[in-house]
Amino acid sequence: MAPLLEALVLDPGAEASLQEQLWLGLKRLIQRGTLRPGRPVPSSRSLAEDLSVSRNTVMATYDRLIGEGYLESRPRSGVFVSASLASVPRHSDRPRVHPAPDVGDVEPLLDPLPFRPCQPDVRLFPLALWNRLRARRLRTDGTRLLQYQSNLALGLPELRRSLASYLRDSRGVQCAWRQVAITSGSQQALFLLAQLLVRPGSTVVMEDPGYAGARQAWLQRGATLEPVAIDEQGLVSPTALDDLKPALIYVTPSRQFPTGACLPVSRRLEWLAYARRRATWIVEDDYDSEFRYGRPPTPSLHSFDTAGRVIYVGSMSKVLFPSLRIGYVVLPHALVEPFGALRSVVDDHGPFVDQAVLAAFIDSGAFYTHIRRCRRHYAERQQVFLESARRAGLPLRFSQTDGGMNLLGRLPAGVDDVRLSRRLRTRDFDVPPLAAYAFRPQPPGLVFGYTAFEPKTIRHEVQRLSRLLSTRVERGGGVRQ
Ligand SMILES: Cc1ncc(COP(=O)(O)O)c(C=O)c1O
């Protein structure tokens, strides 16, 4: 019981209710195997007393977990962790699994492990409001939203309009709404751009280290990649590339992924001049620039472009939630039609119900309120993470960044970050090594995401991490046994 109570720390001041916290805590303990299949859980009376919560809270939580298949009630014996969970494999090297015992052979749903990068806190999302807007939109426009609309491969005009004005106001992207195409996540935008602009064997310039999703899109098309180094300011100047004629240049200028660097204006202008000279495209991936905690956001690279060479890509995955699968791309006029034609071959068009709800969500102002709310929480979480890491004496030097969702922690030279990350994965940490994003050898580092985790969890998990990491990370990426 003592370890159970230690693991179940409830915070009456937290945003989530005590019942929600208890539910999550117990679920995690079951998923981790701390509470084993077939074993009894404490009676609702004794757990309520130990945790100083009402017995109703515990009983309601048990009921919910029983309904979800985590617990089972045995008449006259009490409540037990479902014996059937024993057959759910507990691979220590994969994320936690939500069992779905009554649905049979379905794919598992996953919760992010600490400190998986790029994960928004989906609990902050105003789902009730979203559902109200959804019901309203279906009431007013139901049948039309449910039809094929083959002429709308680029997305619902109302959403394209809402996004165009959001991008103009927030990111300095000057565009007509007809230049905005809705895609299934920004990943589909990258994939379609690869089909449109890259030929097998042509060169794509990419940041090194850089975003693996983009790398895969170019490689899948048969591109030859030309990695360009990153320094503390982001992508270095294109001085060594004058002999190249790249099909496109992929960059994350507002927050370099994964180092977090923000490209200074002087370098932005150099790259724009290079793209103009070489008559090539720059694909600007602006995936999380809404999350600025200090100064106001740097305008997009697109806003500096006077020659129409920048293709701007954005995503709702971070500002709202990733499974929405809505991204967008702002296309130069000449590419709008071919992009739409290609998109319609892939899947005709995206789901209109979600697009209509998103347009209403943006137009109602809730979108901006949500971004501000996330910003507040994420700013606090970044601080809590850095402060906890400092106090715990983690052997990592964190990058300077005043925003975003991730922090790059540099390890002492000689540590094998791949090995260390793999070891940490066996202890339920998901912190990818810098090497996973790189083409060429890099100084060792681990990438931490902090946004999906509440401050209490961050403190707890940083403590746990510090116990695992040797006070001096030994050569070879050792984790204390
Ligand atoms: C650099 C970068 N771009 C884009 C995305 C978002 O991709 P999507 O919109 O396909 O979810 C991510 C997500 O992690 C990312 O790290």
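In this predicted model, Ser202 counts as buried, because its relative accessibility of 17% falls under the 20% limit. Ser202 belongs to the loop that runs between α7 and β6 (203-208), and its side chain reaches the backbone oxygen of Arg199 at 2.6 Å. When residues up to four places away in sequence are left aside, Ser202 touches Ala223, Thr224 and Ala247.

Helix α7 (residues 185-197) also gives the most to the shell around the ligand, with three residues. In total, 13 residues surround the ligand, and the closest are Ser186, Asp285, Ser315, Ser317 and Lys318. By class, this shell has five nonpolar, five polar and three charged residues. Polar contacts are made by ligand oxygen atoms to side-chain N or O atoms, at 2.6 Å for Ser317, at 2.8 Å for Lys318 and at 2.8 Å for Arg325. Of the 390 Å² of accessible area that the ligand has on its own, the protein covers 92%.

Arg325 is found in the loop between β11 (310-315) and β12 (327-330), where it has a positive phi of about 50° although it is not a glycine. With the protein chains alone considered, Arg325 counts as partly exposed, because its relative accessibility of 34% lies between the limits of 20% and 50%. A positive phi is also found at Cys118, likewise not a glycine, with a value of about 65°; Cys118 lies in the loop between β4 and α5 and is buried, with a relative accessible area of 14%. Most residues other than glycine have a negative phi, and most peptide bonds are trans.

Two cis peptide bonds may be described alongside these backbone features. One joins Pro114 and Phe115, with omega at about -5°, and Phe115 lies in the loop between β4 (109-111) and α5 (127-146). The other runs from Asp208 to Pro209, with omega near 5°, and Pro209 is placed in the loop between β6 and α8 (212-220).

In helix α13 (residues 417-425), the buried residues are Asp417, Leu420, Ser421, Leu424 and Arg425. These residues lie on the same side of α13 because they cover an arc of only 140° around the axis. An α-helix has 3.6 residues a turn, so residues three or four places apart point the same way. The buried residues of α13 pack against β15 (445-449) and α14 (455-468). At the N-terminal end of α13, Asp416 acts as a cap, with a side-chain oxygen 3.1 Å from the backbone nitrogen of Val418.

Conventions:
Residues are numbered from 1 along each chain as its sequence is written. This is a predicted model: local features need pLDDT of at least 70, side-chain atom pairs count only at pLDDT 80 or more; totals for chains, interfaces and linings use all residues. Side-chain values use heavy atoms; hydrogens and water are left out. Buried means under 20% relative accessible area, exposed over 50%, partly exposed in between (1.4 Å probe, protein chains only). Helices (H or I, at least four residues) and strands (E, at least two) are DSSP runs, numbered from the N terminus. The arc is that of the directions from the helix axis to the C-beta atoms. Contact means heavy atoms within 4.5 Å. A polar contact is a pair of N or O atoms within 3.5 Å; within protein, one must be able to donate a hydrogen and the other to accept it, and residues adjacent in sequence count only if both atoms are side-chain atoms. A residue is near a molecule or strand if one of its heavy atoms lies within 4 Å of it. Accessible areas come from the Shrake-Rupley method with a 1.4 Å probe; for residues, only the protein chains shown count as cover. Ala, Val, Leu, Ile, Met, Phe, Trp, Tyr, Cys and Pro count as nonpolar, Asp, Glu, Lys and Arg as charged, and the others, Gly among them, as polar.
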